[in-house]
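Please open the structure in your viewer and keep the sequence panel visible beside it. The tour proceeds by selections, each followed by a short account of what is found there.

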Amino acid sequence: MKTANLKPALFTFGTLIIIMSISIGVYEADPHVPMLLGTLIAALVAAKIGFNWDEIQNGMIEGITFALQAVIILAIIGVLIGVWILGGIVPTIIYYGLEILSPSIFLFATVIITSITALATGTSWGTIGTMGIALMGIGVGFGIPAPMAAGAIISGSYFGDKLSPLSDTTNLAPAVSGTDIFTHIKHMFITTSISYVIVLGIFLFLGFQFNVDGTADLSTIDQIQQGLSRDFTISPILFLAPITVIVAIAKKVPAIPGITLGIILGMFLTVIFQPGINFGDILHAGYDGYVSETGVEEIDELLTTGGLTGMMYSISLAIIAMMFGGITEKTGQLKAIVNFILSKVKSEAGLMTTTAATGIFSNLVMPEQYISVVVPGRMYAPAYKEKNLHPKQLSRTLEAAGTLTAPLVPWNTCGVFIYGALGISAFEYLPYAFMNYLTIIIVLLFGVLGISTARLEE
């Protein structure tokens, strides 16, 4: 059976890292073409090993297949964003959010709100693509830096997602590890709750610098509210759309039909509440997105977004990235590197660290969170058993490294989705996505210190 050994595998991944570093770091290029060049290198290396074109092409197709659900969700959320802005749904949430929240508690409250939403729905993407967009608008009104607001949204969304039994990755991690979901959640709660408390404390502290004494100039907030009420009919009834989506997904309606329901309801509410809007306008907003002309720069920049075309940047990058990932998986190039690393591992802490490193590495080079859970889980399950470690020890590490670090990679499907939804790149929000990297640090620290290490007999 043909498979790559270490040397060609290192050449493929090393070349990709060099190409991406120079293209993005030096020339500030978008990652699409550099990733495509990396895919070409991977294909040439595969051909050198002895794989024919049909085998290489099948690898690419299989890789893309892994990302198809993500691509579909990207497309329909793009439509939903355009329709919900046109229909005044997002503007309504922003308007009332500016009435209720205050700048000093905004970041803290954002983490709480997105946590509850994601916990109830089991989807970080759905939370970011709905509540996240509205919270970004509220943050703009309060003068909160956009990357900081995005970090709070992402931190809360991924916390709720990880502890929700409705989450796909929260079900996937124990499945590939060999344990059940509730055992997995209970074990994961120990480390995740510690990082969550720290994150809440950080955002509470950061929020104190905004309007601490209550004397801040509220003219910007008044301008935004006046601009919104001038261009949209603002009504609390429009909250029906996001509430319906949250309830539907909480009732175990799958994400794709649940979000589609939000689009359909948004269309009806648009026709009812926004005078002068017809079905053709709705179709245009769903495809091309919404162009805001309120005259308020902050809100126009935020609300000029959405639509299917607005998500094509993210969709195309996800497809190209998975082409590369599919080739390296099919031809054994990733496995060659992982096996080499595993051969050097002697301790339990070393095994957990290797698992985490593989998940992060997968997110970088096979940029889809599902693969970053499945591949290390499949590879390391026997090693955990040999060291008498319970499968829940593996599943917890998979979630911390494979799922939570995915949004921190700009070309990962999670990173490109967040950029498409919030308009903030991973390079910008990474310093503030505290939940996503503190959790892996705590999990590894527990592993090194032997805290909460689960044995097979437990």
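How much space lies in the second largest cavity? The answer is about 40 Å³. Please note before continuing that this is a predicted model.

**First stop: the second largest cavity**

Select Lys162, Met188, Thr191, Thr192, Arg396, Glu399, Ala400, Leu404, Thr439 and Val443, which line the second largest cavity. Then colour the helices α10 (181-207), α20 (391-403) and α23 (434-449), each of which supplies at least two residues of this lining. Sorted by class, the lining of the second largest cavity comprises 4 nonpolar, 3 polar and 3 charged residues.

**Second stop: the largest cavity**

The structure holds 2 cavities of 30 Å³ or more. The largest cavity has a volume of about 80 Å³. To find it, select Gly126, Thr127, Thr130, Val245 and Ile249, the residues that lie nearest its centre among the 11 that line it. Next, display α6 (103-121), α7 (124-142) and α12 (240-250), the elements that give two or more residues to the lining of the largest cavity. Which classes of residue form this lining? There are 5 nonpolar and 6 polar residues, and no charged ones.

**Third stop: a group of aromatic rings**

Leave the cavities now and turn to the aromatic side chains. A pair of aromatic rings is described by the distance of the centres and the angle of the planes. The count for this model comes to 11 aromatic pairs. One of them joins Phe203 and Phe434, whose rings are edge-to-face, with 5.2 Å from centre to centre and 65° between the planes. Select both residues and trace the chain between them: Phe203 belongs to helix α10 and Phe434 to helix α23, 231 residues apart, and the pair thus links distant parts of the chain.

Are these two rings buried or exposed? Phe203 is buried, with a relative accessible area of 0%. Phe434 has a relative accessibility of 11% and therefore also counts as buried, because the cut-off for buried is under 20%.

Add Tyr432 to the selection. Its ring and that of Phe434 have centres 6.4 Å apart and planes at 90°, so this pair is edge-to-face. Tyr432 has a relative accessibility of 25% and counts as partly exposed.

Finally, add Tyr437. Ring pairs link Phe203, Tyr432, Phe434 and Tyr437 into a cluster, and with this cluster in view the tour ends.

Note on methods
Residues numbered from 1 in each chain as written. Predicted model: local features only at pLDDT ≥ 70, side-chain atom pairs only at ≥ 80, totals over all residues. Heavy atoms only, no water. 1 Å grid on protein atoms, 1.4 Å probe; cavity = no way out; pocket = protein on both sides within 12 Å on 5 of 7 lines; lining within 4 Å. Points joined across faces, edges and corners; volume = space filled by probe spheres on them. Helix = DSSP H or I, 4+ residues; strand = E, 2+ residues; numbered from the N terminus. Nonpolar A, V, L, I, M, F, W, Y, C, P; charged D, E, K, R; others polar. Phe/Tyr/Trp six-rings, centres within 6.5 Å; stacked < 30°, edge-to-face > 60°. Buried < 20%, exposed > 50% of the residue type's maximum accessible area, 1.4 Å probe, protein only.
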